[in-house]
Amino acid sequence: MTGSPLLEIRDLRAAFPGPSGPVEAVRGIDLTLEASEVLGIVGESGSGKSVAMMALLQLLPSTATISGSARFKGQELIGMPRREIRQILGKDIGCIFQDPLSAFNPVLTIGAQIIEAIRLHDRKISKRAALSRAVELLASVSIPQPQQRARQYPHEFSGGMRQRAMIAMALANEPSLLIADEPTTALDVTVQAQILDLMRKLAQERGIGMVLITHDLGVVAGMARDIAVMYGGRVVETGTAEQIFYDTNHPYTQGLIAAMPSLDQKTDMLVSIEGTPPSIFSRPPGCSFAPRCHMAQPMCGETDPELRQVNTTLTACLRAEELAGQGRVTA
Amino acid sequence: MSVASDIAKGDSGKVGQLFNFLNRLPITGKIGIVILLFWTVTVLTVQFWPIADPLMMAARRLQPPSGANWLGTDALGRDVFARTLHGAAYTIPVAVVVVVSAVVIGSVAGAAAGYLGGWTDSIIMRAADVTLSFPPILLAMTVAATLGPGLPNAAVAMIIVWWPIYARLMRAQVLEIRTREHVEAAIAGGAGKTRVLVVHILPLCWTPTLINATMDFGQVALLAASLSFIGLGAVPPSPEWGAMISEGASKFYSWWIAFGPGMAILSVVLATSFLGDGLRDLFDRRGPK
């Protein structure tokens, strides 16, 4: 591989037709992921984080208009013909979905689906070889009795087991990039940690780069090297995990961190950010976080700030300097 | 969905699984199966049964039911009981051919419409709408009359009447299933359009079609008999049920002539309704039992 990053997204935009003209769900995001690193994308529902990933994998409905650039190993994914991107999807790029129950075909056994994934990209492999590979994969994600398990249907698996199987399937063709869209959201808290550990271990062992999409800062905390915080279809702050957690310069990130209950402090009330994210049909003209921001001033409703270097992180906030250097605000 | 996989499940004992599945049917559904099994066996073996020749005319005309002629004899002295049983070999195969053809044609058209969308969708579904806008019996009569009397032509007419029902059913299913996450996951795994449709969408679509086809079977048998009744289906002297009832209608005081075929049609329609209802209860676990 050359020195170019594994995945390089520049000014990615995705818009859908709305009742009065197109509405943009993703409004120009820039992200970079180096090989075998983990990038966390954090944001609330509707912040555009999943749409952005689906846009670059061409999984959005054909009514969506996508522009910008997304280079995977130097190849432009945006606008790539369907025939060509099919060779990459499931082979070089693996996907893990939020709900492992609905992400499996309910009428095929888990084994059959992994075999399908293998044979889709390796037409020469025999059924028998593909089966033993599938069993191997199931074993590698710590599924006990993989031989028997391969013959079972998705509904016979528990939630955590299903997500393990999903990971096994995503790894089937030894991808170099794994896109995990809320991989633990549908799981019990106790299982979440196991799944995250497993993903981290496998990604490290195999040198897989990973984009981890989540609304849970706690999920990316121990996993990601870099974090991008998304709000209203844009990246509002990006930096290394450490910088984001301890040195944030954006009031939204600050709010997110403050909303995480802390173990060190006794809390009676859970902290939240007042209000709801703006509807994509009626975005405020200026900073989209302004209506909920405790620091908002009249100028915030007029100009939508660009990302700029403030202190250590890249921040899109007009008043970032005032926050800079305050360190972690709560706890 | 889990029921569908219950059936598909297992490398061993598929027959046993099917039996277990059918065993969960309500009693009416089981009665339906028994009746349909009876008629199936009759269709396949009736020519070997030790009953009277359905076409043999005897001097004993218009005899009421007796020990010799269990359901009496018709205006030409033919044994109504034998004719009723032999009649199954006309009506039931026609109903099978019609339902299977309508399901195949309708499902392919509906799946294409739902999956491809756009022009394909518009053309196919408008054709279905036009067909469905006619009363079924009227359209079937018109087509059958145009093609000329005879069971094969009646079958063609009925397929034309029936395919749009399955097209609509399949289209609606495909539209729903294609938005499921596992379809998206398959696309994200690099599967092509055809593969997604055949492997990931269609296997989840057949339940409503199966239930509907079961229920429609009786209706198709009834329509086949209706066409024969008005002389557009089976031609004399075939012992077709509708044609027999037609003969009985002109000899109104010899009630037994129409009784046999009438009860036969009733049993088929009831049996398929029972079975269809039972299957729907088993497949659709959301609804009240």
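**Contacts.** I began with who touches whom in chain B of this predicted model. Among contacts with a separation of 6 or more, 68% join residues 24 or more positions apart. I also checked burial: 43% of the 289 residues of chain B count as buried.

**Elements.** Next I went through the secondary structure. Chain B has twelve helices and zero strands, and its elements read α-α-α-α-α-α-α-α-α-α-α-α from the N terminus on. For overall dimensions, I noted that the C-alpha atoms of chain B fill a box of roughly 75 × 45 × 35 Å along the principal axes.

**Helix H4.** I then picked out H4 of chain B, residues 80–116. Does its length fit its residue count, and why? At 1.5 Å a residue, its 37 residues should span 54 Å, and the end C-alpha atoms lie 52 Å apart, so the two values agree. I did find a bend in H4(B), about 25° at B:His86. Is H4(B) mostly covered or mostly open? Mostly covered, I found: 26 of its 37 residues are buried. Just after H4(B) comes B:Gly117, with a positive phi near 65°.

**Confidence.** Last, I looked at how far to trust what I saw. The mean pLDDT of chain B is 88, with 94% of its residues at 70 or more. Over residues 1–12 of chain B, though, pLDDT stays under 50, and the model has 20 contacts beyond four places in sequence for them. Where pLDDT is low, predicted coordinates should not be read in detail. For the complex, I wrote down the predictor's ipTM of 0.82 and pTM of 0.80.

Conventions. Residues are numbered from 1 along each chain as its sequence is written. Chains are lettered from A and ligands numbered from 1 in the order in which they are written. This is a predicted model: local features need pLDDT of at least 70, side-chain atom pairs count only at pLDDT 80 or more; totals for chains, interfaces and linings use all residues. Helices (H or I, at least four residues) and strands (E, at least two) are DSSP runs, numbered from the N terminus. A residue is buried if 20 or more other C-beta atoms lie within 10 Å of its own, exposed if 12 or fewer, and partly exposed in between; C-beta atoms are placed from the backbone. Two residues are in contact if their C-beta atoms, placed from the backbone, lie within 7 Å. The expected span of a helix is 1.5 Å times one less than its number of residues. The bend at a residue is the angle between axes fitted to the seven residues ending there and the seven starting there. pLDDT is the predictor's confidence in each residue, from 0 to 100.
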